[in-house]
Structures are given as C-alpha cells and as structure tokens.
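Got your viewer open? Set the display to cartoon, keep the selection box handy, and let's walk through this one stop at a time.

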Amino acid sequence: MSSEIRHRVYRLLEPGDDAGRYIDLFIICLIVLNVIAVMLETVLWISAHYASLFRAFEIFSVAVFTIEYILRVWSCTVDPRFREPIRGRLRFMVTPLAVIDLLAFLPFYLPFVLPDTRVLRVVRLFRLFRVMKLARYSESVDLFIDVLKLKKDELLLVFVSIMILLLVSSTLMYEVEHDAQPDKFSSIPAAMWWGLVTLATVGYGDMFPITPAGKLIGSMVVMLGIGLFALPAGIIASGFSEVLQRRRECREIICPHCGRPIKEEMIYR
C-alpha cells in the first residue's frame with residue numbers, strides 16, 4: 001500500500017504527467033505570484049498597507065514548498081537512480097533541481113535559528129530564487145541545458161581564450177598607463193575592469209587610456225573583443241540546431257506495462 005502511494009505521489013509531482021498537470025499549474029502560478037509579491041513589497045506604500053497580506057502569503061507559500069520538497073524526497077526512490085532508501089534520497093537531495101527546491105523555502109526558517117537583521121536581507125534575496133523552480137516545468141530551460149552539455153567543450157575553450165586575452169590586455173595596459181594614470185590603472189586587477197568592459201565593447205568610460213600606446217592597445221582589444229564575444233553566440237546557435245534535430249529524430253517508446261510514452265534519454269558525450 002505504501003509503495004502504491006509513493007508511486008502515485010511521484011507521478012503527481014513529476015512534470016508531464018496528465019494526472020499531475022493541475023499540480024504543476026498550481027506550483028507555477030504560486031512561483032510567479034511569489035516573484036510579483038517580492039517586487040511589490042519594494043514599493044513602500046504597498047508594503048505598508050498590505051504587510052499582513054504579504055506575510056500570510058509568504059507563510060502559505062513556504063508551507064506549500066516545504067510539503068512539496070518533503071514529498072519529493074519521500075517518493076524519489078521510485079526513480080531507479082535513487083532506489084536505495086537512504087543513499088538514494090541523499091543523492092536526490094544534492095541534485096540541482098532538489099537544491100533549488102530547498103533554497104525556495106529554507107531561508108524562511110533562518111531567522112528562527114539566526115536572529116540577525118543581516119539574515120533577513122539574505123532571506124529577501126533568496127526569495128527571488130524561487131523563480132528558478134520554473135526550470136523543472138520549462139521545456140525551454142531543459143533544451144538550453146542540453147545545448148550547454150553538447151557544446152561545453154567549445155564554450156570552455158572560448159571562455160579560456162577570453163580570460164587569456166583579458167589577462168594579457170590588462171597587463172599591457174597597466175604597463176603603459178600606470179605612470180600616466182596611477183589612480184586609475186593602479187594594479188593589474190584594477191586594469192582588468194577596463195579590459196573586461198572593453199572586450200565586451202561596453203566601455204563605461206570610467207577608465208580609458210590617454211597615452212598613444214594605450215590607445216593603440218585599446219583599439220586592438222576592442223576589435224578582438226567584437227570577434228571573440230561573437231563566438232559563443234554562434235556556438236550556442238549551432239548547438240540549438242543540433243539538439244532540435246536530435247529531438248525530432250528521437251522517437252517515443254510505449255511502455256508495454258502501463259501504456260505510457262517513455263522518452264528516450266539523450267546522452268551527450
């Protein structure tokens with residue numbers, strides 16, 4: 001009997017199940033309302049007039065998210081990956097989505113353990129992290145994660161190249177501009193701020209070269225930044241095309257026992 005209830009709870013909580021679509025819709029609406037509530041609370045007159053309403057909604061939301069998390073941990077053993085009662089649940093609790101579920105309500109309890117005003121500010125910050133729970137119900141987020149997994153090597157190569165160029169350009173700029181602007185280019189780490197905004201072609205204008213050599217280096221860095229920062233966009237676009245093509249080729253297998261469709265899991269190496 002307990003096993004049947006666990007299977008039923010697992011199916012209700014997992015997105016995509018027909019029986020649990022109303023629960024999915026309820027959780028999604030609750031997450032969206034929480035984000036709206038956090039934004040409205042920053043408006044002073046709204047926060048002053050409806051403080052008790054916001055507090056009641058926060059308690060209700062935390063109660064729902066806490067119960068949802070407990071039920072997910074209890075029923076996760078239905079998944080073959082977490083079949084073991086203790087070790088399986090511990091492995092489930094450290095998965096990214098489970099950690100996000102935990103962060104959605106855990107900060108609410110921190111002031112009861114650590115009565116500090118700074119903790120309250122942390123709680124307000126983490127309340128916005130509830131929007132990340134939408135990743136569990138969004139196919140687009142799942143698609144984006146698949147793209148990152150597929151193109152992780154290429155993106156890592158571009159990231160390393162950007163960091164090398166940032167370090168080299170900042171070091172050169174420090175050497176040629178330090179004597180002319182010791183307050184701006186006081187060190188290589190300080191010059192890296194200039195390098196970052198220049199490579200990204202943002203150029204805030206708070207730091208800029210004034211020597212001829214510095215202007216020459218800055219011009220080269222700007223041109224390199226335009227090309228280098230365009231590479232990740234092309235890699236990700238290519239990844240989206242490949243993942244979408246693989247998903248179209250992915251066929252659904254019908255389970256002979258329950259008759260439900262089983263999507264083939266795509267593994268990227």
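One definition before we set off: a residue is buried under 20% relative accessible area, exposed over 50%, and partly exposed in between. Select Asp206 to try this out: with 35% relative accessibility, Asp206 falls between those cut-offs, so Asp206 counts as partly exposed. Keep in mind along the way that this is a predicted model.

**Stop 1: around Asp206**

Stay on Asp206, which sits in the loop between α11 and α12. Now show what is around Asp206. Which residues is Asp206 in contact with, leaving aside its neighbours within four places in sequence? You should find Lys184 and Trp193. Click on the C-alpha atoms of Asp206 and Trp193: they are separated by 9.9 Å, and the two residues are 13 apart along the chain.

**Stop 2: the whole chain**

Zoom out and colour by secondary structure. The protein has 12 helices and two strands. Follow the chain from the N terminus and you run through the α elements before you reach β-β at the end. Of the 269 residues in the protein, 32% are buried. Switch on the surface, and you have about 17200 Å² exposed, with carbon and sulfur atoms supplying 69% of it. What about contacts along the chain? Among those with a separation of 6 or more, 61% are between residues 24 or more positions apart.

**Stop 3: helix α10 and its two kinds of residue**

Select residues 152–177, which make up helix α10. This helix has 26 residues and reaches 37 Å from its first C-alpha to its last, close to the 38 Å expected at 1.5 Å a residue. Colour the buried residues of α10 next; among them are Leu155, Val158, Ile162, Leu165 and Leu166. Ser169, Ser170, Met173 and Glu177 are on that buried list too.

Now pick Phe159, also found in α10. Phe159 is part of a nonpolar patch on the surface, along with Leu156, Val160, Met163, Ile164, Val168 and Leu172. Together these residues have about 630 Å² of accessible area.

**Stop 4: Gln181, then helix α11**

Move along to Gln181, in the loop between α10 and α11. Is Gln181 buried or exposed? Its relative accessibility is 9%, so Gln181 counts as buried. Not counting residues up to four places away in sequence, Gln181 touches Phe208, Pro209 and Ile210.

Next, select residues 188–199, helix α11. With 12 residues at 1.5 Å a residue, α11 should span 16 Å, and its end C-alpha atoms are indeed 16 Å apart. If 12 times 1.5 seems to give another answer, remember that the expected span uses one less than the number of residues. The buried residues here are Ala191, Trp194, Gly195, Val197, Thr198 and Leu199. Just after α11, have a look at Thr201, which takes a positive phi of about 55°.

**Stop 5: salt bridges**

How many salt bridges does the structure hold? There are five. Show side chains and visit some of them.

- Select Asp101 and Arg72: their closest N and O atoms are 3.9 Å apart. This pair links distant parts of the chain, with Asp101 in helix α6 (residues 96–103) and Arg72 in helix α4 (residues 51–75), 29 residues apart. Both Asp101 and Arg72 are buried.
- Select Lys151 and Glu242, which form a salt bridge with closest N and O atoms 2.9 Å apart. Lys151 is in the loop between α9 (139–150) and α10, while Glu242 is in helix α12 (residues 212–249), so here is another link between distant parts of the chain, 91 residues apart. Lys151 counts as buried at 10% relative accessibility, whereas Glu242 is partly exposed at 30%. Add Glu68 to your selection with Arg72 and Asp101: salt bridges that share partners join these three into one network.
- Select Asp79 and Arg81, whose side chains meet in a salt bridge at 2.8 Å, N to O. Asp79 is buried, with a relative accessible area of 10%, but Arg81 counts as exposed at 56%.

**Last stop: the cysteines**

Finish with Cys29 and Cys76. Cys29 is partly exposed, with a relative accessible area of 39%, while Cys76 is buried at 1%. How many disulfides does the structure hold? The count is zero.

Definitions and conventions
Residues numbered from 1 in each chain as written. Predicted model: local features only at pLDDT ≥ 70, side-chain atom pairs only at ≥ 80, totals over all residues. Heavy atoms only, no water. Patch = residues over 30% accessible without salt bridge, like charges linked within 9 Å, V, L, I, M, F, W, Y side chains within 5 Å. Areas by Shrake-Rupley, 256 points an atom, 1.4 Å probe, with all protein chains shown as cover. Salt bridge = Lys/Arg side-chain N within 4 Å of Asp/Glu carboxyl O. Helix = DSSP H or I, 4+ residues; strand = E, 2+ residues; numbered from the N terminus. Buried < 20%, exposed > 50% of the residue type's maximum accessible area, 1.4 Å probe, protein only. Disulfide = S-S within 2.5 Å. Contact = heavy atoms within 4.5 Å.
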